[in-house]
Amino acid sequence: MEAKTSTAKYWALCFFWLAIMITLLVVYREFFWLALPGTVTYFAKAMDLM
């Protein structure tokens with residue numbers, strides 16, 4: 001059995017990057033893709049896929 005680790009930090013970072021991505025989508029539409037790696041990475045870590 002593996003020990004379960006807390007994913008609260010990763011969820012917080014995922015939502016932080018999601019807010020940045022939405023802000024960039026509204027303000028600087030051509031730069032929103034810069035926040036995609038952070039959003040996807042921390043979502044995967046929060047879902048415990050990585």
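A helix here is a DSSP run of at least four residues marked H or I, numbered from the N terminus. Thr39 belongs to one such run, helix α2, which covers residues 36-46. The legends below describe a predicted model.

**Figure 1. The whole chain has two helices and zero strands.**
The predicted model contains 50 residues, of which 18% count as buried. The C-alpha trace spans about 45 × 15 × 10 Å along its principal axes. The radius of gyration of the protein is 13 Å, whereas a compact globule of 50 residues would have one near 10 Å. The protein exposes about 4200 Å², and carbon and sulfur atoms supply 72% of that area.

**Figure 2. Close-up of Thr39 and its contacts in helix α2.**
Is Thr39 buried or exposed? Thr39 counts as buried because its relative accessibility is 9%, and the cut-off for buried is under 20%. Leaving aside residues up to four places away in sequence, Thr39 touches Cys14, Trp17, Leu18 and Met21. The buried residues of α2 are Gly38, Thr39, Ala44 and Ala46. What covers these buried residues of α2 includes helix α1, residues 8-27.

**Figure 3. Close-up of the nonpolar surface patch, about 980 Å² in area.**
Which residues make the nonpolar surface patch? The patch is made by Ile22, Leu25, Val26, Val27, Tyr28, Phe31, Trp33, Leu34, Leu36 and Val40. Both helices take part: α1 and α2 each supply at least two residues of the patch. The largest share comes from α1, with four residues. Phe31, one of the patch residues, lies in the loop between α1 and α2. Phe31 is partly exposed, with a relative accessible area of 39%.

**Figure 4. Close-up of Trp11 and Phe15, an aromatic pair in helix α1.**
The structure holds five aromatic pairs. Trp11 and Phe15 form one that is stacked, with 5.9 Å centre to centre and 25° between the planes. Why does this pair count as stacked? The angle between the planes is 25°, and planes under 30 degrees apart count as stacked, so the pair meets the cut-off. Trp11 and Phe15 both lie in α1, four residues apart, which is about one turn of the helix. An α-helix has 3.6 residues a turn, so residues three or four places apart point the same way. Trp11 is partly exposed, with a relative accessible area of 28%. Phe15 is exposed, because its relative accessible area is 52% and the cut-off for exposed is over 50%. Trp11 and Phe15 also form one aromatic cluster together with Phe43.

**Figure 5. Close-up of Tyr28 and Phe31, an edge-to-face aromatic pair.**
The ring centres of Tyr28 and Phe31 are 6.4 Å apart, and the angle between their planes is 65°. The pair counts as edge-to-face because its planes are over 60 degrees apart. What is the relative accessibility of Tyr28? Tyr28 counts as partly exposed, at 47% relative accessibility. Phe31 also counts as partly exposed, at 39% relative accessibility. Tyr28 and Phe31 are among the residues that make the nonpolar surface patch.

**Figure 6. Close-up of Leu34 in the loop between α1 and α2.**
Leu34 is partly exposed, with a relative accessible area of 49%. This value does not make Leu34 exposed, because exposed means over 50%. Where is the C-alpha atom of Leu34 relative to that of Met21? Leu34 and Met21 are 13 residues apart along the chain, and their C-alpha atoms are separated by 7.8 Å. Leu34 is one of the residues of the nonpolar surface patch, while Met21 is one of the residues that Thr39 touches.

**Figure 7. Close-up of Met47 and Asp48 in the segment after α2.**
Met47 lies in the segment after α2 and counts as partly exposed, at 42% relative accessibility. How many residues apart in sequence are Met47 and Lys9? They are 38 residues apart in sequence, and 12 Å apart in space from C-alpha to C-alpha. Asp48 is found in the segment after α2 as well. Just after α2, Asp48 takes a positive phi of about 60°, although Asp48 is not a glycine. At 46% relative accessibility, Asp48 counts as partly exposed.

Note on methods. Residues numbered from 1 in each chain as written. Predicted model: local features only at pLDDT ≥ 70, side-chain atom pairs only at ≥ 80, totals over all residues. Heavy atoms only, no water. Buried < 20%, exposed > 50% of the residue type's maximum accessible area, 1.4 Å probe, protein only. Contact = heavy atoms within 4.5 Å. Patch = residues over 30% accessible without salt bridge, like charges linked within 9 Å, V, L, I, M, F, W, Y side chains within 5 Å. Areas by Shrake-Rupley, 256 points an atom, 1.4 Å probe, with all protein chains shown as cover. Salt bridge = Lys/Arg side-chain N within 4 Å of Asp/Glu carboxyl O. Rg over C-alpha atoms; globule rule 2.2 N^0.38 Å. Phe/Tyr/Trp six-rings, centres within 6.5 Å; stacked < 30°, edge-to-face > 60°.
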